[in-house]
Amino acid sequence: MSVDVEDLIKASREGDWDAVRQIIDSGVDVNAQGSHGNTALVSSFAFGDHFELVRYLISVGANVDYTGMEEGSPLMLAAFGGKTEHMKLFLEAGADVNLAMPGGGETALHDAAVAGHSGAAKLLIDAGADVNKAANSNATTSMFTDRKLMGETPLHFAAAFGDAEMISAMLDAGADKSISTSEDKLAVDYAMENNRPEDIIEMIA
């Protein structure tokens, strides 16, 4: 029976090791894109959370910097989901901590900040994430369903959605509170617009 990339995607999503190995051994490219732009690596953790299968796919050449899905690279998806153990695997495999999405310009640190995952944010910062990397302006992103990016840095999103631990880590790493978006908004403006606690506002004022 012939197999194709959709079989590989399905097996990866279901954590079927034997099928994954057989399909790859048959010649199907481990980095081939499925019908929705996802790869075996993305499917193995974003949908099925099969940690050891993720490790195996990386060992046979899965691209940890793949950005063919509008939701982001494997590292970005893991950061958005707060999956720090997966993030460590990707970083150990050479994932670019400052890789930016082609359209929106957002990085994994933007994703961690939007989702409010301080552990993920700290891991990225320790790995060398640029805390002052601005996203593109007037750009669409999968991080939101009803708005566009307007040149925010990770600190803007940390101010809106993160906790004091996340914001402190960014500030300690050199996050610049004076950077404004294309709409001339500072991180403190994002905090106030989102009705953040006074201690959060004071940290970035």
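A salt bridge is taken here as a side-chain nitrogen of Lys or Arg lying within 4 Å of a carboxyl oxygen of Asp or Glu. In the predicted model, Lys122 and Glu165 satisfy this criterion, the closest N and O atoms of the pair being 2.9 Å apart. The pair links distant parts of the chain, since Lys122 belongs to helix α8 (residues 118–126) whereas Glu165 belongs to helix α10, 43 residues apart. Lys122 is partly exposed, with a relative accessible area of 33%, and Glu165 is likewise assigned to the partly exposed class, at 41% relative accessibility.

By this rule the count of salt bridges comes to 6, and two further examples are found within individual helices, as described below for α4 and α6. In helix α4 (residues 51–59), the side chains of Arg55 and Glu52 meet with an N to O distance of 3.1 Å. These two residues, Arg55 and Glu52, are 3 residues apart in the helix and are therefore separated by about one helical turn. Arg55 has a relative accessible area of 38% and is partly exposed, and Glu52, with a value of 42%, also counts as partly exposed. In helix α6 (residues 84–92), a salt bridge joins the side chains of Glu85 and Lys88, with an N to O distance of 3.2 Å. Here too the spacing is 3 residues, so that Glu85 and Lys88 are separated by about one helical turn. Glu85 is partly exposed, its relative accessible area being 43%, and the value of 36% for Lys88 places that residue in the partly exposed class as well. In general terms, side chains of opposite charge can pair when their charged atoms come close.

Helix α10, which carries Glu165, also packs against a neighbouring element of the chain. Helix α9 (residues 154–161) and helix α10 (residues 164–172) pack at an angle of about 160°, with their axes 9 Å apart. Because angles over 145 degrees count as roughly antiparallel, α9 and α10 are described as roughly antiparallel to each other. The crossing of the two helices, α9 and α10, is left-handed. On the side of α9 the contact is made by Pro154, Leu155, Ala158 and Ala159, and on the side of α10 by Met166, Ile167, Met170 and Leu171. Classified by residue type, the contact of α9 with α10 comprises 8 nonpolar residues, with no polar and no charged residues.

Thr153 is located in the loop between β2 (149–150) and α9. With a relative accessibility of 1%, Thr153 counts as buried. When residues up to four places away in sequence are not counted, Thr153 touches His110, Val131, Asn132, Lys133, Ala134 and Ile179.

Positive phi values in residues other than glycine are noted for Asn138, where phi is near 60°, and for Asn195, where phi is near 55°. Asn138 lies in strand β1 (residues 137–139), whereas Asn195 is placed in the loop between α11 (187–193) and α12 (198–204). Asn195 is exposed, with a relative accessible area of 69%.

Definitions and conventions:
Residues numbered from 1 in each chain as written. Predicted model: local features only at pLDDT ≥ 70, side-chain atom pairs only at ≥ 80, totals over all residues. Heavy atoms only, no water. Axes fitted to C-alpha atoms, helices over the stretch in contact; angles between N-to-C directions. Helix = DSSP H or I, 4+ residues; strand = E, 2+ residues; numbered from the N terminus. Parallel < 35°, antiparallel > 145°, perpendicular 65-115°, else oblique. Left-handed = near helix turned anticlockwise from the far one by under 90°. Contact = heavy atoms within 4.5 Å. Nonpolar A, V, L, I, M, F, W, Y, C, P; charged D, E, K, R; others polar. Buried < 20%, exposed > 50% of the residue type's maximum accessible area, 1.4 Å probe, protein only.
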